[in-house]
Structures are given as C-alpha cells and as structure tokens.
Amino acid sequence: MHPALKILVGALMVTLGVYSTLGFWPEVLTFVKAGIGPLLVLVGAFIVWLESDELKMRREQKESSQTDGMQRQFTEAIEGETDEGVEQAQPVQEGNTCSECGKTFDTERGMHIHQAQKHE
Ligand SMILES: [Zn+2]
C-alpha cells in the first residue's frame, strides 16, 4: 500500500472515530467513567505485582550479599589460618636450612645428609 494512501486511510479513521465519538458522546463519557474503575484495579494490581517482585528480588540480593559477606569472612578466617600455618611451617623450613651455607632442604634428613657430605 502506498504511504500516501495509508495516511489517507488513517486520516479517514481519525475523522470517523471523532465523528463516532461525538455521536455517542454520552455513551463514550459513561464508558470512560466506567472504565476508570477497572483501569485503576489493573494498574494498581500491576504496580503491586511489580513492586512486590522488586522487593523480593532486593531481599534475595541482600541475603546473597550477606552470604557473600559471610563467605568472605569465612575465607579470610581460612586464609588467616593458612598464613599462621605458613608461619608455623617456616621455622620447620629454617630447621631444614644448612647452618653452614644457608642452603634449604625439603627434609631435615636431606639437610643432615648435605651437612655430612659437604661440611664434615
Ligand atoms: Zn651446607
């Protein structure tokens, strides 16, 4: 269909619509007034549904962020323990360090073998 023709049809529809509306004005007015109630119900219900959903989502996000916080604290606690573990492990490693040349060994036994071979 040609755009100009579409515009013509559209304009005709507007004209007919206006004419029809004016012709049934009392009925149109009644329809509009009668429609306000159901429209309010629909819009109100939509808002309630939408916002309750939003509220639910926010609560879930809050809960998940709280869980994240707990997980972070938990992880920090574990990492703290790990750090302590490393600090505790370091003296053992120092114990595996040759007192003569400072070379470190995985085992105390290996260090003793090294000392026996190189320094005695
Ligand atoms: Zn050594």
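How many of the 21 residues of α1 are buried? I looked this up first. The count is 0, and α1 is hardly covered.

**Entry: what I have.** I note that this is a predicted model. I checked the confidence next. The protein chain has an average pLDDT of 82, and 75% of the residues score at least 70. Helix α1, residues 3-23, has the highest confidence, at a mean of 92. Helix α2, residues 25-95, has the lowest, at 77.

**Entry: the layout.** I listed the elements of the protein chain. I found 3 helices and 0 strands. Along the sequence the pattern reads α-α-α. I then looked up burial for the chain. Of its 120 residues, 0% count as buried.

**Entry: helix lengths.** I compared the expected and modelled spans of α1. Its 21 residues, at 1.5 Å a residue, should span 30 Å. The end C-alpha atoms of α1 are 30 Å apart, so the two agree. I did the check again on α3, residues 108-119. Its 12 residues should span 16 Å, and its end C-alpha atoms are 16 Å apart, so these agree as well.

**Entry: cover on α3.** I looked up burial here too. Of the 12 residues of α3, 0 are buried, so α3 lies largely in the open.

**Entry: T104.** I picked one loop residue. Where is T104 found? T104 sits in the loop between α2 and α3. I counted its neighbours. T104 has 13 other C-beta atoms within 10 Å, and 12 or fewer would make a residue exposed, so T104 is partly exposed. I also took one distance. T104 and H114 are 10 residues apart along the chain, and their C-alpha atoms are separated by 9.9 Å.

Note on methods:
Residues numbered from 1 in each chain as written. Predicted model: local features only at pLDDT ≥ 70, side-chain atom pairs only at ≥ 80, totals over all residues. Helix = DSSP H or I, 4+ residues; strand = E, 2+ residues; numbered from the N terminus. Expected span 1.5 Å × (residues − 1). Buried ≥ 20, exposed ≤ 12 C-beta atoms within 10 Å, placed from the backbone. pLDDT = per-residue confidence, 0-100.
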